[in-house]
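Visitor: I have a model here and would like to know what stands behind the words people use for it. Could you take me through them?

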Amino acid sequence: MRKFFALSFRGKSLKCVILETLLYAVILVVCRVLMSSVLGIASLPEAAGIAVNLVWQIVRLYCFAGVAVAVLYATDCLVKKKED
């Protein structure tokens, strides 16, 4: 999970959680601006519009899950697996 949500495991303080949340928010804003400009500039067929919407939903899910993982990590709710 550390490889997939690398931004979420930077620190356990409130300051780190707030910074990670802001980073994920910036990712969301940049992605939304890029996707709305793609949809606004080009007259895309319906299938391409659906694909762009699907990518937007995946980015949103990733960012919201990243914030949740950051909060869980900061509150010590995530336990590291022991390797035998």
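Guide: Gladly; what follows is a set of questions and answers on this model, which is a predicted one.

Visitor: Let us start with the overall picture. How many helices and strands are there in the protein?

Guide: The protein has two helices and zero strands. Of its 84 residues, 23% are buried. The accessible surface is about 6400 Å², and carbon and sulfur atoms hold 70% of that. Among contacts with a separation of 6 or more, 64% join residues 24 or more positions apart.

Visitor: Why is Ser8 called buried?

Guide: Ser8 has a relative accessible area of 0%. Buried means under 20%, so Ser8 counts as buried. You will find Ser8 in the segment before helix H1, which spans 14-41.

Visitor: What is Ser8 in contact with, beyond its neighbours within four places in sequence?

Guide: Ser8 is then in contact with Glu20, Tyr24, Gly66, Val69, Ala70 and Tyr73. Contact here means heavy atoms within 4.5 Å.

Visitor: What makes the pair of Ser8 and Gly66 a polar contact?

Guide: A polar atom of the Ser8 side chain lies 2.7 Å from the backbone oxygen of Gly66. The cut-off for a pair of N or O atoms is 3.5 Å, with one atom able to donate a hydrogen and the other to accept it. The value of 2.7 Å is within that cut-off, so the distance fits a polar contact.

Visitor: Phe4 also lies in the segment before H1. Is Phe4 buried or exposed, and how do you know?

Guide: Phe4 has a relative accessible area of 55%. Exposed means over 50%, so Phe4 is exposed. The C-alpha atoms of Phe4 and Tyr62 are separated by 9.3 Å, with their positions 58 residues apart along the chain.

Visitor: Now the helices. Why does Val52 count as buried?

Guide: Val52, in helix H2, has a relative accessibility of 18%. The limit is under 20%, so Val52 counts as buried.

Visitor: And how do you know whether Met35 is buried or exposed?

Guide: Met35, in helix H1, has a relative accessible area of 11%. That is under 20%, so Met35 is buried. Leaving out residues up to four places away in sequence, Met35 touches Val52, Val55 and Trp56. From Met35 to Val52, which are 17 residues apart along the chain, the C-alpha separation is 6.9 Å. Met35 and Asn53, 18 residues apart in sequence, have their C-alpha atoms 8.4 Å apart.

Visitor: What lines the largest pocket?

Guide: The largest pocket, with a volume of about 200 Å³, is lined by Met1, Arg2, Phe9, Lys12, Tyr73, Asp76, Leu78, Val79 and Lys80. By class, this lining has five nonpolar, no polar and four charged residues.

Visitor: Why is Tyr73 not called polar in that lining?

Guide: Tyr is on the list that counts as nonpolar, so Tyr73 goes with the nonpolar lining residues.

Visitor: What sets the backbone of Asp76 apart?

Guide: Asp76 has a positive phi of about 60 degrees although it is not a glycine. Asp76 is placed in the segment after helix H2, which spans 46-74, and is one of the residues lining the largest pocket.

Note on methods: Residues numbered from 1 in each chain as written. Predicted model: local features only at pLDDT ≥ 70, side-chain atom pairs only at ≥ 80, totals over all residues. Heavy atoms only, no water. Helix = DSSP H or I, 4+ residues; strand = E, 2+ residues; numbered from the N terminus. Buried < 20%, exposed > 50% of the residue type's maximum accessible area, 1.4 Å probe, protein only. Areas by Shrake-Rupley, 256 points an atom, 1.4 Å probe, with all protein chains shown as cover. 1 Å grid on protein atoms, 1.4 Å probe; cavity = no way out; pocket = protein on both sides within 12 Å on 5 of 7 lines; lining within 4 Å. Points joined across faces, edges and corners; volume = space filled by probe spheres on them.
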